[in-house]
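Welcome! Let us take a walk through this structure together, starting with its cysteines and ending with its strands.

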Amino acid sequence: MNYLVVAVLAVCALAPSVNCATSSAAWCYDKPTCNDALWPVLVPKYCNGTRQSPINIVSASVKPDSNLTAFTFENFNDTSALQTILNTGDTVKVNLRRGVRISGGGLSEPYDSLQFHLHWGNGSSVPGSEHTVDGKRYPMEFHIVNVKSSYNLNTTQAAADSTGAAALGFFIEVMPDNVTGQPASWRTLTSYLVNITQSGQNASMAPGISLDDLLGQVNRTKYYRYLGSLTTPECNEVVVWTVFKETIKVSKDLIDLFSTTVRFSNSSSPFMTNVYRSIQPAQPVTTQPASSSSSSTTCYSLGLMFLSLILGRS
């Protein structure tokens with residue numbers, strides 16, 4: 001079986017949609033007969049499980065874990081890595097060429113990056129991220145889907161492994177300044193949306209932007225970690241989730257394009273809006289321990305404050 005066929009199967013298994021043969025039941029976001037409230041009934045094997053995603057991350061309850069080291073991002077700077085962009089009927093997805101990979105970050109081994117996709121609400125004013133932090137929902141969320149490199153894209157093996165997949169989640173929020181068409185990488189990405197307005201449409205992407213370009217200045221050493229699931233059916237509980245603390249900043253007009261350009265089905269169907277799963281029961285979440293330098297600085301500052309109070313009373 002050639003790589004393209006394997007890649008298609010891998011993408012379907014790890015981010016299934018109504019159009020993927022791997023999904024055993026039709027599901028949706030926008031209809032009362034198949035929306036996410038019914039997924040535990042329509043696809044009970046996993047969607048009714050106990051390790052489901054997304055979750056609300058309560059920062060006060062997060063535990064430190066010294067194993068959560070920095071990631072290595074291989075070929076994230078490759079401006080030819082973004083191959084095709086697709087309207088799946090429930091999201092916008094970009095398939096990546098082989099050779100993009102992540103390692104470190106407390107993962108047990110390297111993982112191959114297969115694709116990224118997005119979740120959003122209804123324009124920049126109606127938030128649609130999947131995860132929330134302390135109850136806050138962001139306008140959009142960007143997911144990079146990865147599978148263990150040792151499986152060589154064998155998704156049957158990955159789906160049988162409780163850590164077979166790793167997902168990187170990045171929140172997207174509106175740039176604070178009143179600017180349009182920024183950053184340039186996101187202007188380029190969203191320029192393809194007019195070519196995939198209907199479900200099943202896809203377009204080849206010309207070289208020019210990389211994953212690094214899309215992630216911008218996000219500090220990728222600070223993140224939350226928990227064990228969860230895919231956020232769409234089959235909802236397989238096989239995902240090591242990494243949710244980064246810093247956000248990607250994108251101008252309002254570009255965020256709004258997702259909910260005003262692509263549609264759920266054909267040209268007469270509604271625009272694709274509110275494509276995110278509701279919050280699932282909490283899971284244990286970890287993050288990096290506070291750095292010793294940060295703790296030392298805090299102690300030093302408190303010491304100076306205490307000394308000044310004593311001197312002020314003398």
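**Disulfides first**

Counting as a disulfide any pair of cysteine sulfur atoms within 2.5 Å, the protein has two disulfides. This is a predicted model, in which local features need pLDDT of at least 70 and side-chain atom pairs count only at pLDDT 80 or more, while totals for chains, interfaces and linings use all residues. Residues are numbered from 1 along each chain as its sequence is written, and side-chain values use heavy atoms, with hydrogens and water left out.

One disulfide ties Cys 28 to Cys 34, with an S to S distance of 2.2 Å. The torsion about this S-S bond is about 110 degrees, so the disulfide is right-handed. Both Cys 28 and Cys 34 are buried, where buried means under 20% relative accessible area, exposed over 50%, and partly exposed in between (1.4 Å probe, protein chains only).

The other disulfide joins Cys 47 to Cys 235, at 2.0 Å from S to S. This link is right-handed too, with 75 degrees about the S-S bond. It connects distant parts of the chain, 188 residues apart: Cys 47 lies in helix 3 (residues 44–47), and Cys 235 in the loop between strand 13 (223–228) and strand 14 (239–244). Cys 47 is buried at a relative accessible area of 2%, and Cys 235 is buried at 0%. With the bonded cysteines numbered in sequence order, the pairing reads 1-2, 3-4.

Now for the wider picture. The protein has eight helices and 16 strands; these are DSSP runs numbered from the N terminus, with helices (H or I) of at least four residues and strands (E) of at least two. Of its 314 residues, 49% are buried. Among contacts (heavy atoms within 4.5 Å) between residues at least 6 apart in sequence, 73% join residues at least 24 apart.

Next, look at how strands pair, which requires at least two bridges found by DSSP between them. An open sheet of three strands has the order 1-8-9 and mixed pairing. Strand 1 (56–57) and strand 9 (136–137) are at the edges with a single partner strand each, so one side of each has no neighbour in the sheet. Strand 8 (residues 132–133) runs antiparallel to strand 9, joined by two bridges, and Thr 132 stands opposite Arg 137.

Elsewhere, strand 3 (residues 71–74) pairs antiparallel with strand 6 (residues 101–104) over four bridges, with Phe 71 partnering Gly 104. Strand 6 also runs antiparallel to strand 7 (residues 111–120), through two bridges. In their hairpin, six residues lie between the strands, and Gly 105 takes a positive phi near 60 degrees.
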